[in-house]
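Thank you all for making time this morning. I would like to walk through one structure with you, so please keep it open in front of you while I talk.

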Amino acid sequence: MKAPRPIVKSENRDPVDWRQCSPLQIHHAECEVNFLRLRKLLPGFHEGQCVVVGARPLGAYQDTLEARVTERCRYTAELLVRQKRPVWGRRASEFRVRVYLDARMAEVIGCAQVRRLLPRYDYPNADGMARDEKWQLNRLLGEWLSRCLLDGHVLTDAALAVGG
């Protein structure tokens with residue numbers, strides 16, 4: 001039996017060659033990272049738990065994100081993640097996220113007007129959804145959470161009352 005070859009890390013190569021990964025593997029990786037990001041904001045995922053995070057002000061506006069645990073079961077939790085004060089546009093974005101506690105994954109299962117997201121859509125379609133709409137929304141959620149964790153701060157009730 002041969003000894004395993006040592007893994008050699010090259011400084012000029014990405015450790016993961018994404019071209020060799022399937023779309024399902026990429027989707028699962030995004031969901032796993034979103035779980036870790038959400039766990040930092042909402043440790044334990046207790047029902048009723050809520051956190052409001054204000055990201056760095058952009059000009060006179062501050063983007064505010066609220067994450068609330070709406071339902072908690074033994075192996076899953078459901079969250080509502082929404083913008084309280086959208087910087088761009090007049091409509092705030094809102095995501096329903098299911099957290100799989102045993103699999104350590106979090107995925108977007110619905111958004112503002114879409115009750116249930118399908119894994120893939122035919123294109124073109126009557127709703128104007130992209131083929132990979134679910135993956136794009138999971139990616140957007142990840143970007144929001146990353147921004148909140150990098151340069152955001154948790155807002156207290158007093159700061160929210162005065163508009164901070």
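I will begin with how the values were obtained, and then take up a strand pair, a pocket and the cysteines.

This is a predicted model, in which local features need pLDDT of at least 70 and side-chain atom pairs count only at pLDDT 80 or more, while totals for chains, interfaces and linings use all residues. Residues are numbered from 1 along each chain as its sequence is written, and side-chain values use heavy atoms, with hydrogens and water left out.

Let me start with strand β4, residues 94-100; strands here are DSSP runs (E, at least two residues) and helices are runs of H or I of at least four residues, numbered from the N terminus. In a regular strand the side chains alternate between the two faces of the sheet. Along β4, F95, V97 and V99 point to one face and are buried, whereas E94, R96, R98 and Y100 point to the other and are not; buried means under 20% relative accessible area, exposed over 50%, and partly exposed in between, with a 1.4 Å probe and protein chains only.

β4 pairs with strand β5, residues 105-111, in the antiparallel sense over 6 bridges, where pairing requires that DSSP finds at least two bridges between the strands. Within that pairing F95 stands opposite C111, and V97 has V108 as its bridge partner. The two strands form a hairpin with 4 residues between them, and R104 in the turn has a positive phi of about 55°. In β5, 7 of the 7 residues are buried, so this strand is largely enclosed by the rest of the structure.

What, then, of the cysteines? C31 is buried, because its relative accessibility is 1%, while C50 is partly exposed at 32%. With a disulfide defined as a pair of cysteine sulfur atoms within 2.5 Å, the count comes to 0.

Finally, which elements give two or more residues to the lining of the largest pocket? They are α1 (23-41) and α2 (133-151), and α1 gives the most, with 4 residues. A pocket is an open set of 1 Å grid points over the protein atoms alone where a 1.4 Å probe fits, with protein on both sides within 12 Å along at least five of seven lines, and lining residues have an atom within 4 Å of a point.
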